[in-house]
Every structure is written in structure tokens, then in C-alpha cells.
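Please open the structure in your viewer and keep the sequence beside it, since this tour moves from one selection to the next.

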Amino acid sequence: MSTGHVMLGLLAERPKHGYELKREHDQRLPGARPLAYGQVYATLQRLQRDGFAEVAETVRESGPERTVYALTEEGLAELTRWLEQVETPAPHVSSTLVSRVVVAIVAGGAADGYLVRQRAAHLARMRELTAERASGSPAQALAADYALQHLDADLRWIETAMERLADLKEEIDA
């Protein structure tokens, strides 16, 4: 995910200040890692430098003075370009889950015990996400659905791995 592009998307709605962008990012993208304030302001500086955002005004409400940023025409064009790009599927498996199973077998450990514990952890997380999905906002439900489907794919892989453990151990021992 490009934080800059997400912020451009949030600015497409209307001009906003940094604190508001951070709050909206964290609310509207509940499955994403929350943004640090420093990241928000560094990203805004880059967007401004690149001509994608500009200072619209400086306001003082009930607290400190806030700089409000607006999307420029160039920023809208960049956002449109980014939104039209298809996300490339990952070409390689980079799962710690796969690595632990293979290393457990190579090291003579009990990969089946690890897989059973991992399945229990996945199921517990799925229960949490199901509760969040039912009680949250539409954005939270969308993020929970995404996470649930990934966890479900992992569970199916865990079942397949458990079926193949003997073959894998035999191959590694050979």
C-alpha cells in the first residue's frame, strides 16, 4: 500500500489537515497498521514537494494552528493512475508459516504439533474477526472479510501440510 496514494484519496473528498488524515486513515482502513503522526506529515511534505497536494489554508480552531492540505490537479491525476493499476499477485511464497514447517522437519522437530497450535491460533483469530465484522462499520466488515478469507486459505493449507508431513520428512531425510 502506498501511504501517499491513500492520503491523496482521502484528500479527494475535501481538504484536510494532518491530524484529520491520520484519524480518517485509521478509521477507514481498520485492517491497516495505524499511521504515525510523523509519517503523515512526512508524506504530506513529499506530496506537496511533488505537486500532488498544496496548502489550502491555515486554521486555528480550539487548539493549535493546523495546516489544511488540498489535492491538486496533478494529485488527482496521480491518484487516478494509481487506482487504475492492477495489484500484481505475489510471485513468491513469503510466509513464516511455510518456513517454520520446513525448518521444524529439517531440525527434527515436531511440525505436526506446530501446525495444530497454529490452526488453533487461526481459529481463535477468526472468531475475533467474525465478532468485529458483526459489530463494526462497513469498512471494518470489509477488512475483516479480507482477513478471514486469508486465514481460511491458511487453514486449508495447514490441512494439506498435515497430510503431506510424512512425505516431506521422507524427502528431507533422504
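Begin with the open sheet, in which three strands lie in the order 1-3-2 with antiparallel pairing; strands here are DSSP runs (E, at least two residues), helices are DSSP runs too (H or I, at least four), both numbered from the N terminus, and two strands pair if DSSP finds at least two bridges between them. This is a predicted model, where local features need pLDDT of at least 70 and side-chain atom pairs pLDDT 80 or more, while totals for chains, interfaces and linings use all residues. Residues are numbered from 1 along each chain as its sequence is written, and side-chain values use heavy atoms, leaving out hydrogens and water.

Select strand 1 (16-17) and strand 2 (53-60), the edge strands, each of which pairs on one side only. Add strand 3 (residues 65-71), which is joined to strand 2 by seven antiparallel bridges, and look there for Ala70, the bridge partner of Glu54.

Next, turn to the largest nonpolar core, a set of buried (under 20% relative accessible area, 1.4 Å probe, protein chains only) Ala, Val, Leu, Ile, Met, Phe, Trp, Tyr and Cys residues joined through side-chain atoms within 4.5 Å. Among its 16 residues, Val101, Ala111, Leu115 and Leu165 touch the most other members. Helix 5 (96-106), helix 6 (111-135) and helix 7 (138-173) are the elements that each give two or more residues to this core, and helix 7 provides the largest share, seven residues.

Finally, select Leu165, which touches Val101, Ile105, Ala111, Asp112 and Leu115, leaving aside residues up to four places away in sequence; contact means heavy atoms within 4.5 Å.

Terms used: Buried < 20%, exposed > 50% of the residue type's maximum accessible area, 1.4 Å probe, protein only.
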